[in-house]
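Below are some comments on the model you sent, set out as numbered points. Please read them with the coordinates open.

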Amino acid sequence: MIIGVPKEIKNSENRVALTPAGASEIVKYGHELYIQTSAGIGSGFSDESYLSAGAKLLPTIEEIYKKAEMIMKVKEPIASEYNLIKKDQIIYTYFHFASSEELTKAMINSGAICIAYETVELQDHSLPLLIPMSEVAGRMSVQEGAKYLEKTFGGRGVLLGGVPGVPPAKVLIIGAGIVGTEAAKMAAGLGADVTIMDVNLKRLRYLDDIMPANVKTMMSNSFNIKEMVKTHDLIIGAVLITGAKAPHLITREMLSTMQPGTVIVDVAIDQGGCIETTYPTTHDNPTFCIDGVIHYSVANMPGAVPRTSTIALTNATLPYAITLANNGWKNACRKDEALKKGLNIVNGQIVYKGVAEAFKYQHVEIDTLL
Ligand SMILES: NC(=O)c1ccc[n+]([C@@H]2O[C@H](COP(=O)([O-])OP(=O)(O)OC[C@H]3O[C@@H](n4cnc5c(N)ncnc54)[C@H](O)[C@@H]3O)[C@@H](O)[C@H]2O)c1
């Protein structure tokens, strides 16, 4: 198959869909691979590293789209890319269709095969192409929280691990899924006094078994949250109710009970946030302060560490890309149920129910097209 990797052109996006290591795997299977010149620069991968991996370079995005049977990307195509996409071309990337009717219409009109990373789903309902970004955001939430706890950034001036003779900072993590667990590991490693909450007792039991002694578990409910926020230095919001807006577990009222300089990192902001007072911010201006409480609520946290994020993402996307390239999309999706769930739009028809429902469009069962 002929595969193309364009340079990401969405604002502030420095990731790339394939590392040189991934490129050499694809070439090893006998596929023809074209990378747009300088596509990997934002993630620290030179053009030469792709050439040594066996890929070829093309100078413009137009040439990449024209040549490729399958496009591998990171973010959804933006308006200037819509007309470059060809009928029957496979577009393998994050789409998040339900949040943009314009994009949905454009992809219907293109006649392309749109496979969305975010809906590839394993039998246990986990989302293997979203997990790596949650891992990055979870680990990063502690790094960012530690920074904003410093006095110059408006925080309480508390060191997460404390020092001999001074107790460590208290970190509260609400939500014990991927983000919460990774945050707990990092905070614990830095020596903080960590409490992690969830509504899922089975999950808390598991974490209680595997976490170090400085991580305690607690049932999440409004009574417990109200009490805990009064004494904690860093609070990390990491809840997810699949397919729904995040619940506001910390209310505006609770802010006045917190210590001045407390830091909240609301990782769940991409689902609306689990703190009443947060709104999405950007890496250029990541925080704001309400009632003396620092709020950090960047909606694309992994964007700050594109090298790590690119490698983490491509570790997860590459095996599916190889299956697609080796078998063609139809056979690949017949063979792999998880990949089949990634199909969102096929030759002008919506095959993913959630996307059709979001805009009240017609939905076609994918099995009738395979
Ligand atoms: N801001 C970013 O850059 C960024 C990056 C990656 C992920 N995220 C977001 O982070 C959030 C968490 O992602 P995840 O992968 O960890 O999800 P996950 O499904 O692995 O975990 C979510 C956890 O929240 C728990 N939960 C649900 N309701 C709760 C409540 N009332 N109290 C406490 N816990 C509750 C669930 O039981 C589950 O364990 C999602 O909204 C995700 O989109 C944001």
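**Notes on the sheet, its helices and the cysteines**

1. This is a predicted model, and I begin with one strand pair: β7, which spans residues 170-174, and β10, which spans residues 234-237, are paired in the parallel sense over 4 bridges. Within this pairing, Ile174 has Gly237 of β10 as its bridge partner.

2. The pair belongs to an open sheet of 7 strands, whose order is β9-β8-β7-β10-β11-β13-β12 and whose pairing is mixed. Because β9 (215-219) and β12 (287-290) each have a single partner strand, they stand at the edges, and one side of each is left without a neighbour in the sheet. On average, and with direction ignored, neighbouring strands of this sheet are turned by 20 degrees against each other.

3. Two helices should be viewed together with these strands. Helix α7 (residues 178-189) lies across β7, β8 (193-198), β9 and β10, and runs at about 170 degrees to β8. Helix α8 (residues 201-210), for its part, lies across β8 and β9, running at about 165 degrees to β9.

4. How many disulfides does a search of the whole structure find? The search gives 0, where a disulfide would require a pair of cysteine sulfur atoms within 2.5 Å. Cys114 is in no disulfide, since the nearest cysteine sulfur, which belongs to Cys333, is 12 Å away. Cys289 is likewise in no disulfide, and the nearest cysteine sulfur to it, that of Cys274, is 18 Å away.

5. Is Cys114 buried or exposed? Cys114 counts as buried, because its relative accessibility is 0% and the cut-off for buried is under 20%.

Note on methods
Residues numbered from 1 in each chain as written. Predicted model: local features only at pLDDT ≥ 70, side-chain atom pairs only at ≥ 80, totals over all residues. Heavy atoms only, no water. Pairing = 2+ DSSP bridges. Axes fitted to C-alpha atoms, helices over the stretch in contact; angles between N-to-C directions. Contact = heavy atoms within 4.5 Å. Buried < 20%, exposed > 50% of the residue type's maximum accessible area, 1.4 Å probe, protein only.
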